[in-house]
Amino acid sequence: MHIRSLGQDMRVSAIGLGCMGMSQGYGPNPGSRRDMVDMIRAAVDVGVTFLDTAEVYGPFVNEELVGEAIAPIRDRVQLATKFGWDIRGGKSVGLNSRPDHIKKVADACLQRLGVETIDLFYQHRIDPNVPIEDVAGTIGELVQAGKVKHFGLSEVRADTLRKAHAIYPVTAVQSEYSLWTRDPEPEILPTCAELGIGFVPFSPLGRGFLTGTIDPSVSFPQGDMRATIPRFEADNMSANQALVNHIRALAEAKNVTAAQVALAWLLAQAPWIVPIPGTRSLSRLKENAGATEVGLSADERADLDTLAARVGVAGDRYSEAHMKLVGH
Ligand SMILES: NC(=O)c1ccc[n+]([C@@H]2O[C@H](COP(=O)([O-])OP(=O)(O)OC[C@H]3O[C@@H](n4cnc5c(N)ncnc54)[C@H](OP(=O)(O)O)[C@@H]3O)[C@@H](O)[C@H]2O)c1
């Protein structure tokens, strides 16, 4: 596995593993908890060592799962988790990034993960009630205390990122980025390049859509968040199929898979970009890791970009309610 550097020289595997779907988001997990523990350990054996979780996934059970999986291999992994929610009675009821709360959450994350230090601690969503300078200062204190190594922000706007970075150096921005979600391109990616901050695309496979395995006639099971996302409404999926058809055709011509093309396209954008595809299947994990060996020529990338710009994307990437939480 290739190694990439995010900001502040944090070195991670060039492809990470998003663990969210093991506990929530995409309907019932076909595997057991034991299967997931084994899979995370197998991922590390194939070199996928950058693991992504969050306090709110579950809530809590995803961090516990990751903690159990890495217990015997802690020093081989780079562990990223996230704070920023007000979680009551097992449910997120809003945002909370007040300094005293961040410190409590850090202690709880450390306990659930069973580690002494969180390698990368992201603010999951910007809290409009707490100045970003206070959040960055709090992370600085947690670093001083040895509880956190690196600071990250998720779904942040460029000017907020600059303010945070001025107080405590940011290592990575994690936001949605893929062939059908280009929001970070105008401002965030240039800002990351300028400030030496890494970028971690989440949902790099378009929540599965870009792999060509989702039929527009699908009906998502209960607990599958795609049922609430406009892009996954049947009409929109049909309209968005043109992009997937192009990805598949290119994949076939190169004798690789559509998932690998989608990930290789991201890897080719900049050497400090590290996608974290999520899966609950070891064979898919290996397939996704294989994207690091897939090169795309400048012409192939230009064709993908031209087609994506021409066909556009039908539907928002989040529900109306959640759209209000991003880009602050
Ligand atoms: N910061 C944030 O706000 C935020 C938001 C969303 C996600 N995330 C993080 O980003 C990670 C990845 O994003 P994501 O899981 O939302 O979306 P994703 O990685 O774009 O797609 C995951 C979906 O694709 C399927 N899949 C994975 N590999 C595949 C392959 N090779 N072929 C066909 N299907 C494949 C998975 O199904 P199976 O599991 O059945 O394989 C799952 O349904 C999450 O796990 C989470 O850690 C962060």
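# A tour from strand β9 outwards

Start by selecting β9, residues 148–154. Six of its seven residues are buried, so the rest of the structure largely encloses this strand. Keep in mind as you click around that this is a predicted model.

**Stop 1: the neighbour, β8**

Now add β8, residues 118–123. How many of its residues are buried? Six of six, so to speak: β8 is mostly covered. The two strands β8 and β9 run parallel and are joined by five bridges. To see how they line up, show Y122, whose bridge partner in β9 is G152. Then show Q123, which stands opposite L153 in β9.

**Stop 2: on to β5**

Next, select β5, residues 78–83. It pairs with β8, again in the parallel sense, over four bridges. Pick A80 here and look across to L120 in β8, which stands opposite.

**Stop 3: the whole sheet**

Time to zoom out. Colour the strands β3, β4, β5, β8, β9, β10 and β11 in that order: together they make an open sheet of seven strands with parallel pairing. Which strands stand at the edges? They are β3 (17–18) and β11 (198–202); each has a single partner strand, so one side of each is left without a neighbour in the sheet. Go to the β3 edge and you will find two bridges joining β3 to β4 (residues 50–52), with the two strands running parallel. L17 is the residue to click, with L51 of β4 opposite.

**Stop 4: helices on the sheet**

Select α3, residues 99–113, which lies across β5 and β8 and runs at about 135° to β8. Then add α4, residues 132–144: this helix packs on the sheet and touches β5, β8 and β9, its direction making about 160° with that of β9.

**Stop 5: the cores**

Switch on side chains. In soluble globular proteins, nonpolar side chains tend to be buried together. Here the largest nonpolar core has 85 residues, and the ones touching the most other members are L17, I40, F121, L153 and L161. Helix α8, residues 258–267, gives the most to this core, with nine residues. Apart from this core lies another, of 14 residues, including L6, F50, A80 and V200. You clicked A80 earlier, in the pairing with β8.

Come back to L153 and show what is around it. Leaving out residues up to four places away in sequence, L153 touches, among others, Y122, Q123, I132, L161 and V173.

**Last stop: the full view**

Show everything. In total there are 11 helices and 11 strands. The radius of gyration is 19 Å, close to the 20 Å that the globule rule gives for 328 residues, so the protein is as compact as a globular protein of that length. Its C-alpha atoms fill a box of roughly 50 × 45 × 35 Å along the principal axes. Colour by burial and you will see that buried residues make up 56% of the 328. Of the contacts with a separation of 6 or more, 76% are between residues 24 or more positions apart. Finally, turn on the surface: the accessible area comes to about 13400 Å², and 49% of that belongs to carbon and sulfur atoms.

Note on methods: Residues numbered from 1 in each chain as written. Predicted model: local features only at pLDDT ≥ 70, side-chain atom pairs only at ≥ 80, totals over all residues. Heavy atoms only, no water. Pairing = 2+ DSSP bridges. Contact = heavy atoms within 4.5 Å. Axes fitted to C-alpha atoms, helices over the stretch in contact; angles between N-to-C directions. Rg over C-alpha atoms; globule rule 2.2 N^0.38 Å. Buried < 20%, exposed > 50% of the residue type's maximum accessible area, 1.4 Å probe, protein only. Areas by Shrake-Rupley, 256 points an atom, 1.4 Å probe, with all protein chains shown as cover. Core = buried A, V, L, I, M, F, W, Y, C linked by side-chain atoms within 4.5 Å.
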